[in-house]
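The exercises below are meant to be worked with the sequence and the coordinates open side by side. Try each task before reading the solution that follows.

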Amino acid sequence: METTFFSMEFNFLSSLFLFATPLFLLFVACKYFTSVTNLPPGPRPWPIIGNMHQMAKNPHIAAANFAMKYGPLISLRLGKVVKIEELIFTTLINTLSNILFSKDFLDLKDVQTAHLLKFRLLKMLKNSVTPNVSDFFPIVGGLDLQGLRRDSLHHYDELSRITEAIVKERRAQSAKKVVLADHEKDFLDRLLENNFTTAQINTLVVELFTAGTETVVTATEWAMAEFLKNKEIMCKVREELTRELNTKNIMKSDLSKFTYFNACIKETLRFHPVVPVLIPRRALEPCEVMNYTIPQNAQVWVNVWAISHDPKVWEDPYTFKPERFLGSNIDFTGHDFEFIPFGGGRRMCPGLPSGVKSLQTMLASLIVGYNWSLPNGEDPAKLDMTEKFGVTLQKEKPLELIFCRRE
Ligand code: HEM
């Protein structure tokens, strides 16, 4: 990654030098920007994109203007290779923590805390679907032979410590009888009003974070990878978003107008179903399916991946083709059994509305606001799309991109 920083910046820098007068020099600090003190002065960098947006158009003129303002030696930060999953994960955690507690849990710059939180949530998600021998053999039920329960409890306790502190503080506040208007109340206020215990709140929060982050992160990463790989589709989407948007910001009311973009989201969830196999079901009583007997207590696994790649149902199932959803009524609400990325029935994903809106708003903002490129000048058409099977179907090679702000 470090070489990427330098090669990318070197190319950019060399083109700048073509225009630079000998009167001033540019100094690019990028990676060391935050750790080194006493750097030459320069314009304040934005998170992630640095000063890239100020340099994109006519860099020679921008650089000359900076020299007038800051002197002959200037510090600039020219973009950064971003790991998409980290960026999206932090955004989602903060979206959820704002709904629940009216505060950001993570700082975009604090990668270590984000890693640890992600690791714990993923561990709990994995443990929850790993077949546990204790479930199959009641005689060893109490033994926790694989240590799954112990491991999950450990991560649960660590996660609960974060929420517990916030709940404690809020309880103390309400004990002081601070009166809040209805519009000022968040999810936690409502839970406390309804006498939820701290343990119940912890469980709810950990469950929402566990189920509501990795899924959306994975879906966003796949959608971005498909947009990069399929340049024509990306152009059509960008054209539609720009045409239909009323303001620079994406509003909830805009989302239903993006017909082609929404077809792309559906196609992403068909082609790369985030949860490839649904949460296992158990037959409560013996039943018959397709003339076969399913015995009582049998575990039933629904293979969403196989269903959404079934050539009997989908024409050309191994091609990313959003057009297949245009003019079609097929939706992911659990009624069209050929397309169930959010599951179906009573255990269907309760986070569907929030998950889809997060996907739509994050993707649309990144498409409208930035140009994307791969590090080292890699060809997007050759992007490695290998899938890694797990609770969520991840991209084996995490997507890394350089963003450049669009005018
Ligand atoms: C693209 C985003 C998402 C996808 C594709 C997705 C998919 C799924 C699937 C397939 C299931 C299992 C359903 C079944 O077995 O029938 C599930 C369960 C669940 N999802 Fe989502 N999900 C997403 C986002 C979210 C979000 C944002 C939240 C919460 C904020 C959430 C909360 C949950 C919960 C709590 C369950 C477990 C329900 C139960 O107890 O059985 N999901 N999700």
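**Exercise 1. Describe helix α10, its span and its two sides.**

Helix α10 covers residues 231–244, and its 14 residues reach 20 Å from the first C-alpha to the last, close to the 20 Å expected at 1.5 Å a residue; the expected span is 1.5 Å times one less than the number of residues. Helices here are DSSP runs of H or I with at least four residues, strands are runs of E with at least two, and both are numbered from the N terminus. The model is a predicted one, in which local features need pLDDT of at least 70 and side-chain atom pairs count only at pLDDT 80 or more, whereas totals for chains, interfaces and linings use all residues. Residue numbers start from 1 along each chain as its sequence is written.

The next step is burial, where a residue is buried if 20 or more other C-beta atoms lie within 10 Å of its own, exposed if 12 or fewer, and partly exposed in between, with C-beta atoms placed from the backbone. The buried residues of α10 are I233, V237 and L241. Seen down the helix axis, these buried residues fall within an arc of 65 degrees, so they line one face of α10; the arc is that of the directions from the axis to the C-beta atoms. An α-helix has 3.6 residues a turn, so residues three or four places apart point the same way. On the other side of α10, the exposed residues are K231, E232, C235, E239, T242 and R243.

**Exercise 2. Work out the strand order and the pairing of the open sheet of three strands.**

The order is β3-β11-β8, and the pairing is antiparallel, two strands being paired if DSSP finds at least two bridges between them. Since β3 (81–83) and β8 (370–373) each have a single partner strand, they stand at the edges, and one side of each is left without a neighbour in the sheet. Neighbouring strands are turned by 45 degrees against each other on average, direction ignored, the strand axes being lines fitted to C-alpha atoms.

Taking the pairs in turn, β3 joins β11 (residues 400–405) over three bridges, where K83 has E400 as its bridge partner and V82 has L401. Between β8 and β11 there are four bridges, and S373 stands opposite I402 of β11.

**Exercise 3. Characterise the shell around the ligand.**

The shell holds 23 residues, of which G212, G343, C349, G351 and G355 are the closest; a residue is near the ligand if its C-beta atom, placed from the backbone, lies within 6 Å of it. Two or more residues each come from α9 (198–229) and α13 (352–369), and α9 gives the largest share, seven residues. By class, the shell divides into 14 nonpolar, seven polar and two charged residues, where Ala, Val, Leu, Ile, Met, Phe, Trp, Tyr, Cys and Pro count as nonpolar, Asp, Glu, Lys and Arg as charged, and the others, Gly among them, as polar.

**Exercise 4. Place the loop residues S102, D316 and K382, and state how exposed they are.**

S102, in the loop between α4 (84–101) and α5 (111–129), has a phi near 55 degrees, a positive value in a residue other than glycine. With 15 other C-beta atoms within 10 Å, S102 is partly exposed.

D316, in the loop between α12 (304–308) and α13, has a positive phi of about 50 degrees although it is not a glycine. D316 counts as exposed, with 9 C-beta neighbours inside 10 Å.

K382 lies in the loop between β8 and β9 (387–388) and counts as exposed, with 9 C-beta neighbours inside 10 Å. K382 is 154 residues from L228 in sequence, and the two are 9.8 Å apart in space, C-alpha to C-alpha.

Technical notes
Axes are lines fitted to C-alpha atoms, for helices over the stretch in contact, and angles run from 0 to 180 degrees between N-to-C directions.
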